[in-house]
Amino acid sequence: MNVDALAGRLDEAARAAVAIPQFAAEVGLDVADAYAVQGALLRLRCGRGERLVGMKMGLTSRAKMQQVGVDEVIWGRLTDRMTVDDGGAVDPARFIHPRVEPEIAFRLGPDASIQAVAPAVELIDSRYADFTFSLPDVIADNASAAAYAIGPWRAVPDGLANLGVLLEIDGRVVQTGSTAAILGDPRRALTEGIRLADRYGTRLAEGWVFLAGAATAAVPLRPGAHVRTVVEQLGAVSFRAVAR
């Protein structure tokens, strides 16, 4: 198994916006190997000038864990080129089969403390055909990370464990949920993220963005759509999917 070659496959798929077949079963990729591929993938991207700015969590819903047969969350990396301005635009043609989901974002302070919190919307995009994959496949693929937008930063409220969350497309509510869907409390996702990142030799840095996980199911993103996340007490964030 050639870790760099597998990372190259995923990198080319993302750059060309052309899906590739799953490969974990074919090459015998386990979870530890998959994180090695993810690391190699990010080294490729950083070698072209991207900069690490944060971390994202995946499979933070207990129901989703049961659905895919695992008992542990996964994580991926965020770079500066994944960011979309609040109220800005993203070209859906950059992606293979983009989907959006509402999130909670933390801005990290010293020692991975929570400095501030904000509503967020993540654009996920598997590089595999038909958006299907095994656990090692999705880990290698940087946990399907593609892009994200963050709303205004605010002080962390006293209660963060059960805030209402809405995902709107073109002004219509398409998903409703609660921050309780994120491991019961989004702050638990940070605890898990610190533990997992440390296991694989990564330390969360002051100033990083941390996406705690989705509060609802993901929704396919169509060209022209206006996407908005609203989180109780935290406000809203939005972007539009338009060609550039």
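In which loop, between which strand and which helix, is the place of Leu59? Leu59 sits in the loop between strand S1 (52-58) and helix H4 (62-68). Before the details, a word on the model is helpful. The model is predicted, so local features need pLDDT of at least 70 and side-chain atom pairs count only at pLDDT 80 or more, while totals for chains, interfaces and linings use all residues. Residues are numbered from 1 along each chain as its sequence is written, and side-chain values use heavy atoms, with hydrogens and water left out.

The chain as a whole comes first. Its secondary structure comes to six helices and 13 strands; these are DSSP runs numbered from the N terminus, with at least four residues (H or I) for a helix and at least two (E) for a strand. The radius of gyration of the chain is 17 Å, which agrees with the value near 18 Å for a compact globule of 244 residues. This radius is taken over C-alpha atoms, and the globule rule is 2.2 Å times the number of residues to the power 0.38. Along the principal axes, the C-alpha atoms fill a box of roughly 50 × 40 × 35 Å.

Of the 244 residues, 51% are buried, where buried means under 20% relative accessible area, exposed means over 50%, and partly exposed lies in between (1.4 Å probe, protein chains only). Contacts (heavy atoms within 4.5 Å) often link distant parts of the sequence: among those between residues at least 6 apart, 72% join residues at least 24 apart.

A hairpin offers a closer view. Strand S8 (residues 164-169) and strand S9 (residues 172-178) run antiparallel and are joined by six bridges; two strands pair if DSSP finds at least two bridges between them. Within this pair, Leu166 stands opposite Thr176 in S9. The hairpin has two residues between the strands, and Asp170 takes a positive phi near 55 degrees there.

Positive phi values also appear in two loops, in residues other than glycine. Leu59, introduced above, has a phi near 55 degrees. Is Leu59 buried or exposed? Leu59 is buried, with a relative accessible area of 15%. For Gln233, phi is near 75 degrees, again positive in a residue other than glycine. Gln233 is found in the loop between strand S12 (226-231) and strand S13 (235-241). With a relative accessible area of 53%, Gln233 is exposed.
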